[in-house]
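Please open the model in your viewer, with side chains available as sticks and a surface ready to switch on. The tour below goes from one selection to the next and says what is to be found at each stop.

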Amino acid sequence: QVQPEESGGGSVQSGESLKLSCSISGYLSNTCGVGWYRQAPGQEQELVSSIRNDGSTYYADSVKGRFTISQGSSKNTLYLQMHGLQPGDTAVYYCVAVCKDEDSDVVDYWGQGTQVTDSS
C-alpha cells in the first residue's frame, strides 16, 4: 500500500524559506507521478507542483520562481523547497502520489498534510 508522509511544515515570517519533505512507503510503478497540493482555509485544493511519470515538472503560476520540487535518490522521497514565503502560501500542504492500477484506473494516495503558516 502506497502511503505518503509529510514533514517540515512550520511557522515562518514573510520572505523566509521552508523545505517540506515527503517519504512515500510502498511501491511506486512507472505510471506514478508525485506532487504537492495545498489547501488554505475556505479554499479549494490547489496543485502546487508535481513531477509527472515522464519526469517533467509543473508549477502553479503563484509559486513559479519561488518553489522547487525535487526527488531524492528514488521516487519515494519528495521535497518542496519554498523561498520567499508570503501570507498567501499559508495552507496545509499534502504530498500526493497518483498512479494507474492494473485496470488503468487512476488511484491517488494522500498524506495527512503538514501546516505551513506565514505568521507575519
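Select Arg38, which is buried with a relative accessible area of 6%, where buried means under 20% relative accessible area, exposed over 50% and partly exposed in between, computed with a 1.4 Å probe on protein chains only. This is a predicted model, in which local features need pLDDT of at least 70 and side-chain atom pairs count only at pLDDT 80 or more, while totals for chains, interfaces and linings use all residues. Residues are numbered from 1 along each chain as its sequence is written, and side-chain values use heavy atoms, with hydrogens and water left out.

**Salt bridges around Arg38**

Keep Arg38 selected and add Glu46, with which Arg38 forms a salt bridge whose closest N and O atoms are 2.8 Å apart; the term stands for a side-chain nitrogen of Lys or Arg within 4 Å of a carboxyl oxygen of Asp or Glu. Glu46 is partly exposed, at a relative accessible area of 28%. Next add Asp89, which forms a salt bridge with Arg38 at 2.9 Å between the closest N and O atoms. This pair links distant parts of the chain, since Asp89 sits in the loop between strand 8 (77-82) and strand 9 (91-100), whereas Arg38 belongs to strand 4 (residues 33-39), 51 residues apart. The strands are DSSP runs of E with at least two residues, numbered from the N terminus. Asp89 counts as buried, with 2% relative accessibility. Adding Arg66 completes the selection, as salt bridges that share partners join Arg38, Glu46, Arg66 and Asp89 into one network.

How many salt bridges does the structure hold? There are four, and one of them is found by selecting Lys64 and Asp61, whose side chains meet with an N to O distance of 3.2 Å. Both Lys64 and Asp61 are exposed.

**Strand 4 and its partners**

Now select strand 4 as a whole, which is mostly covered, five of its seven residues being buried. Strand 4 pairs with strand 9 in the antiparallel sense over seven bridges, where pairing requires that DSSP finds at least two bridges between the two strands. Strand 4 also runs antiparallel to strand 5, to which five bridges join it. A convenient residue to centre on is Tyr37, which stands opposite Tyr94 in strand 9 and has Leu47 as its bridge partner in strand 5. Following the chain from strand 4 into strand 5 takes you round a hairpin with six residues between the strands, and in this turn Gly42 has a positive phi of about 75°.

**The two disulfides**

Show the cysteine side chains next: a search of the whole structure finds two disulfides, each being a pair of cysteine sulfur atoms within 2.5 Å. Counted along the chain, the bonded cysteines follow the pattern 1-3, 2-4.

Select Cys22 and Cys95, whose sulfur atoms are 2.1 Å apart in a disulfide. The link of Cys22 and Cys95 is left-handed, with -85° about the S-S bond. Cys22 lies in strand 3 (residues 18-25) and Cys95 in strand 9, so the pair ties together parts that are 73 residues apart in sequence. Cys22 is buried at 1%, and Cys95 counts as buried at 0% relative accessibility.

Move on to Cys32 and Cys99, which form a disulfide with sulfur atoms 2.0 Å apart. The torsion about their S-S bond is about 110°, so this disulfide is right-handed. Cys32 is in the loop between strand 3 and strand 4 and Cys99 in strand 9, 67 residues apart.

**Pockets**

Finally, switch on the surface and look for the largest pocket, with a volume of about 280 Å³. A pocket is an open set of points on a 1 Å grid over the protein atoms alone, where a 1.4 Å probe fits, with protein on both sides within 12 Å along at least five of seven lines, and its lining residues have an atom within 4 Å of a point. Of the 16 lining residues, the closest to the centre are Gly33, Val34, Ile51, Arg52 and Val98. Strand 4, strand 5 (46-51) and strand 9 each supply at least two residues of this lining.

The second largest pocket has a volume of about 170 Å³; of the 13 residues that line it, Val2, Tyr27, Ser29, Cys99 and Tyr109 are the closest to its centre. Each volume is the space filled by probe spheres set on the points, which are joined across faces, edges and corners.

Note on methods:
Helix = DSSP H or I, 4+ residues; strand = E, 2+ residues; numbered from the N terminus.
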